[in-house]
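I opened this notebook to record what I looked up in the structure shown below. The entries follow the order in which I checked each topic.

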Amino acid sequence: MNLPLTDLTLAQAADSIRRRDVTAVAFTEAILTRANAVQPKTNCFLRVHREDALAAAERADAEIADGNWRGPLHGVPLAHKDVFDREGHVATAGAILFDTPATSPATVMSRLDDAGATYLGALNLDEFAAGGTGANDHYGRTCNPWNTNHISGGSSGGSGACVSARAAFGALGGDAGGSVRIPAAMCGVVGLKPTFGCVSRAGTAPRTFSVDCTGPMTRTAEDCALMLQAIAGHDPRDPATPDVPVPDYRAALRTDLRGVRIGVAVGNPFDQVDPEIAALLASAAGTLRDLGAVLVDVTVPDVMRLNDLQQILGKSEAAVICSKWMRERPGDMTFDAISVVQEGLLMPATRYLEAKSLRAPLLEAHVRAIYTEVDVLFAPVLAGPTPTIAETDFEDHDRVEELFTRSARFTRFANYLGTPALSVPCGFSDGGLPVAFQLHGPPFGEARLLAVAHAYQGATDHHAKAPELA
Amino acid sequence: MGIMGEIDGDAISIWIKEHQDLDVTPERAKEIAAIAFRLNRVTLDAAMAQEHLDDPARYFRTLVELADFKRGT
């Protein structure tokens, strides 16, 4: 094994730790050194808990030496978007409004702790997760590791940049309209928005009530499966999590796609993609066909309408969540954070309840229209190349709204429906920035998305390339 | 009032102050109204296209009923 420790995948690192070829402490030290080197260029971390992380790694090594290996996250260093409660720490949500340390951990944090993962620290995000660029006027913006003149995407920009820069083996992000998948695509990592209710939201700072999903961001689909395995499943603290069996996501991974039918999304808005992106998507689809999949064109009904319905829920709920602060501490919130929720002030309860009531029939219609014919849906994540910081650094609200709408046209509908979606790197633009495709599936169909992505990554090496940062 | 030019920003700003207890300039009120009213109209049209609207809580049951939906089922 000649690769630097930080270049190993999560699964490879876990295997080394389990076999005691390399200690958890050695991995944590290597990752901390890497984090230190990339932080000035990416600003992906808000906090690094160096001593706590090393102490946790020492405990992991001791437990494993005693024959108490907890599983594939044991001793593996991870970092997470700063929205998850950890006892004794303040989860900022990218804002400056909070100063009371949490008294108990978010369920996802306690599950990762139980799995033996090492917590490195908290990652940057757009203020209140209310943005898609990685900008944050309070803590500084996150920059793209592949070219720091470009945005990281958001709102989980710190998570995407950190994993891409090899400063953690995986990270959690949050996705209410594309906030995992967009930065994952822009930074060149795998990002999963699970089914609504697949992963507990308890102890997680809310962006919305109805469309928030916590999901892993990793370098490979296999790594994503390992993180999802640790956090998925019913939680009595979150009433939206059904008590249904959690599949073995790693066991479901495949190396070929014989017998798999993949729908390629066509028509509005999926045909509105820049030619450079379209060519890379076509190449990726060709690889999936070469692996044995049958590809068929699929028209996805009403995507733009579903995107708008997501906005009714998201903006109404975010306006309620931010309501007290907007009235009592408006000077502590930036225009960026306030502006994207203000429309919610003008949405009557009748429209909000209609959007909620439509969710079940539109979900059922969508699933039967698409997944009667195919197993997964193949689509873009983004319509164009990752913008430069200068291209997104403006205060004109109409332009901000236009940028968000353009960026999220392929992502928001999955949040409204609650269906899972996975962003998978599939190459690089002429400018050297990552490009990705997206896989959609029916509710709780995460295993099949990960299986297709794993097969694709077995036949390609985009995920193995690292940004030249430090 | 779905067209930006027809929206009375002063009236919207006053409504927000009265009903939401928030200060929003007439210019900004006009901007957010243009977006909100379009989204409201899309939602109303979608709702009217349904025979009836059910309890929103049915959504959670539907998610589970469609779990890992397989083609051919």
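Two residues are in contact if their C-beta atoms, placed from the backbone, lie within 7 Å. I note at the outset that this is a predicted model.

Entry 1, the contact between the chains. I looked up how many residues each chain contributes, and found 45 residues from chain A and 32 residues from chain B. On the side of chain B that touches chain A, helix H1 (9-20), helix H2 (26-48) and helix H3 (58-65) of chain B each supply at least two residues. H2(B) gives the largest share of that side, namely 12 residues. I then sorted the residues of this side of chain B by class and obtained 21 nonpolar, 5 polar and 6 charged.

Entry 2, two helices of chain B. How do the axes of H1(B) and H2(B) cross? I found that they come within 7 Å and cross at roughly 90 degrees. Angles of 65 to 115 degrees count as roughly perpendicular, so H1(B) is roughly perpendicular to H2(B). From H1(B), the contact uses Gly9(B), Asp10(B), Ile12(B), Ser13(B) and Ile16(B), and from H2(B) it uses Pro26(B), Glu27(B), Ala29(B), Lys30(B) and Ala33(B). By class, I recorded 5 nonpolar, 2 polar and 3 charged residues for this helix contact.

Entry 3, the sheet of chain A. I traced an open sheet of 11 strands with mixed pairing, in the order E1-E3-E2-E4-E6-E5-E10-E11-E9-E7-E8. Which strands stand at the edges? They are strand E1 (45-48) and strand E8 (294-299) of chain A; each has a single partner strand, so one side of each is left without a neighbour in the sheet. On average, neighbouring strands of the sheet are turned by 30 degrees against each other, direction ignored.

I next followed E8(A) to its partner, strand E7 (residues 261-266) of chain A, and found that the two pair in the parallel sense over 6 bridges. Within this part of the sheet, Val264(A) has Asp297(A) of E8(A) as its bridge partner.

I also looked up helix H5 (residues 157-164) of chain A, which packs on the sheet and touches E1, E2, E3, E4, E5 and E6 of chain A. The direction of H5 makes about 155 degrees with that of E4(A).

Entry 4, the nonpolar core. The largest nonpolar core holds 167 residues, and I found that Cys162(A) and Leu450(A) touch the most other members. Leaving aside neighbours within four places in sequence, I listed the contacts of Leu450(A) as Ala221(A), Cys224(A), Ala225(A), Tyr249(A), Ala252(A), Leu253(A) and Leu422(A).

Methods: Residues are numbered from 1 along each chain as its sequence is written. Chains are lettered from A and ligands numbered from 1 in the order in which they are written. This is a predicted model: local features need pLDDT of at least 70, side-chain atom pairs count only at pLDDT 80 or more; totals for chains, interfaces and linings use all residues. Two strands pair if DSSP finds at least two bridges between them. Helices (H or I, at least four residues) and strands (E, at least two) are DSSP runs, numbered from the N terminus. Axes are lines fitted to C-alpha atoms, for helices over the stretch in contact, and angles run from 0 to 180 degrees between N-to-C directions. A nonpolar core is a set of buried Ala, Val, Leu, Ile, Met, Phe, Trp, Tyr and Cys residues joined through C-beta atoms within 7 Å. A residue is buried if 20 or more other C-beta atoms lie within 10 Å of its own, exposed if 12 or fewer, and partly exposed in between; C-beta atoms are placed from the backbone. Ala, Val, Leu, Ile, Met, Phe, Trp, Tyr, Cys and Pro count as nonpolar, Asp, Glu, Lys and Arg as charged, and the others, Gly among them, as polar. Angles under 35 degrees count as roughly parallel, over 145 as roughly antiparallel, 65 to 115 as roughly perpendicular and the rest as oblique.
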